[in-house]
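Grab a viewer and have a go at these exercises. Try each task before you read the solution under it.

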Amino acid sequence: MTKTKSLSFSSIILLGINGIVESGIFLLPGTLYRQSGMLSIVAILMAGFSTLLIAMNYAVMASKIDAEGGAYAYASRAFGPLGGFQTGWFGWLLGVITISAEIAAFQTVLKSVLVDVHGEWIFDAVGMAIILLLVVINISGTDIIKIFDNLSSAIKVSLLIAFIIVGVWLLSKTSVAVPQATPVKASDFTGTFSTAFYMFTGFSFLLIAAKQMTNPEKKIPRALIISISTVGIIYAAVQFILILLQHSSLAGDTMPIATVFNQVFGIAGRMVVLVGIMISTIGVAVSRLV
């Protein structure tokens, strides 16, 4: 089936944001803080800047090479069929790992929602159902992927912005001291940077959709800058607010954003966040189908 160039610039940006914002920002702030404390914010900003530098090289290649396949096409042109084959398979493997990780995250969050449900078979069945859903969406074509992608992007970004607003409001109501920076081992900071960097790697899937865009040589660089910069600012703001609000318990909290909403809005607030995280995980998986 021939693909048409139907992605608008706003859809491209949302596709980039949706591909980058994975479950990590909802589940990993505690891990980042445990490894590097206040420096986890620096690690996030450094990871975002590093990703942007790499992404701009991708953008240049996308504007110069008129072929589908993203990194596969670029490697094939530069290093020949073998280099392209290896790059293509590694890209496919990254997509499989990402989808698997998002399904696992979905199941983890679901266990928090269905606290009274026992039996791992239920969660295994949910995982299989998600895979079947992705197959159906993929078969349905670009239009349904675009609609689902835009919807999930709007939900997850709205959820993060809502958290930032709630967090700022909470900070204005209480006297919170900035935790003192403690010495961090270079190996711990490197681990934090690696984890934060992985939280940005979804940008590469935007390049695969380049041939579904008009004027990709102009739109892709702008979309990458806007997408990565926006996500980096949001990530850093979320981490900073969580540190101020929960520095004493953040290191051991696997879903700190849900915890904050639970404190402000009760169980209903927690459920809204958990459902939002689950929608986010599905949205990331769908973005890999483009």
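Below are six exercises on this predicted model, each with a worked solution.

**Exercise 1. Get your bearings**

Task: Work out how many helices and strands the protein chain has, and where confidence is lowest and highest.

Solution: Start with the count: the protein chain has 13 helices and zero strands. Written along the sequence, that gives the pattern α-α-α-α-α-α-α-α-α-α-α-α-α. Next, colour by confidence. The protein chain has an average pLDDT of 81, and 86% of the residues score at least 70. Helix H10 (residues 204–208) sits at the bottom with a mean of 64, while helix H3 (residues 29–36) comes out on top at 92. A word of caution: where pLDDT is low, the predicted coordinates should not be read in detail.

Now for burial and contacts. Of the 290 residues in the protein chain, 48% are buried. Take the contacts between residues at least 6 apart in sequence: 82% of them join residues at least 24 apart.

**Exercise 2. Three helix pairs**

Task: Decide how H3 lies against H9, H5 against H6, and H6 against H7: roughly antiparallel or oblique?

Solution: Take the pairs one at a time.

Step 1, H3 and helix H9 (residues 186–198). Their axes come within 8 Å and cross at roughly 160°. Angles over 145 degrees count as roughly antiparallel, so H3 and H9 are roughly antiparallel to each other. The crossing is left-handed. On the H3 side, the contact is made by Leu32, Gln35 and Ser36; on the H9 side, by Asp188, Phe189, Gly191, Thr192, Thr195 and Ala196.

Step 2, helix H5 (residues 71–79) and helix H6 (residues 81–113). Here the axes are 6 Å apart and the packing angle is about 160°, which makes H5 roughly antiparallel to H6. This time the crossing is right-handed. H5 brings Ala71, Tyr72, Ala75, Ser76 and Phe79 to the contact, and H6 brings Pro81, Gly83, Gly84, Phe85, Thr87 and Gly88.

Step 3, H6 and H7. These pack at an angle of about 135°, with axes 10 Å apart, and so H6 and H7 are oblique to each other. H6 passes H7 in a right-handed crossing. Residues of H6 in the contact include Ile99, Ile103, Phe106 and Leu110, and among those they meet in H7 are Phe123, Val126, Ile130 and Leu134.

**Exercise 3. Find the core**

Task: Which residues have the most contacts inside the largest nonpolar core, and which helix gives the largest share of the core?

Solution: The largest nonpolar core has 70 residues, and Phe163, Tyr235, Val238 and Ile257 have the most contacts inside it. Helix H11 (residues 216–246) gives the largest share of this core, 13 residues. As background, in soluble globular proteins nonpolar side chains tend to be buried together.

Now zoom in on Ile257. Skip its neighbours within four places in sequence, and its contacts are Ile25, Phe26, Leu160, Phe163, Val238, Leu242 and Val273. Ile257 also belongs to the buried residues of helix H12 (residues 256–265), along with Pro256, Ala258, Thr259, Val260 and Phe261. Just after H12, look for Gly266, which takes a positive phi of about 80°.

**Exercise 4. Gln239**

Task: Is Gln239 buried or exposed, and what does Gln239 touch?

Solution: Locate Gln239 in helix H11. Its relative accessible area is 0%, so Gln239 is buried. Leave out residues up to four places away in sequence, and Gln239 touches Pro29, Leu32, Tyr33, Ser40, Ile41 and Ile44.

**Exercise 5. Ala59**

Task: Is Ala59 buried or exposed, and which residues is Ala59 in contact with?

Solution: Ala59 lies in helix H4 (residues 39–64). With a relative accessible area of 2%, Ala59 is buried. Ignoring neighbours within four places in sequence, Ala59 is in contact with Ile220, Pro221 and Leu224. Then check Arg222: it is 163 residues from Ala59 in sequence, yet 9.2 Å away in space, C-alpha to C-alpha.

**Exercise 6. Leu133**

Task: Find the helix that holds Leu133, then give its relative accessible area.

Solution: Leu133 lies in helix H7 (residues 120–140). Its relative accessible area is 38%, so Leu133 is partly exposed. To finish, pick the C-alpha atoms of Leu133 and Ile282: they are separated by 9.4 Å, with the two positions 149 residues apart along the chain.

Terms used:
Residues are numbered from 1 along each chain as its sequence is written. Side-chain values use heavy atoms; hydrogens and water are left out. Helices (H or I, at least four residues) and strands (E, at least two) are DSSP runs, numbered from the N terminus. Buried means under 20% relative accessible area, exposed over 50%, partly exposed in between (1.4 Å probe, protein chains only). A nonpolar core is a set of buried Ala, Val, Leu, Ile, Met, Phe, Trp, Tyr and Cys residues joined through side-chain atoms within 4.5 Å. Contact means heavy atoms within 4.5 Å. pLDDT is the predictor's confidence in each residue, from 0 to 100. Axes are lines fitted to C-alpha atoms, for helices over the stretch in contact, and angles run from 0 to 180 degrees between N-to-C directions. Angles under 35 degrees count as roughly parallel, over 145 as roughly antiparallel, 65 to 115 as roughly perpendicular and the rest as oblique. A crossing is left-handed if the near helix is turned anticlockwise from the far one by less than a right angle, and right-handed if clockwise.
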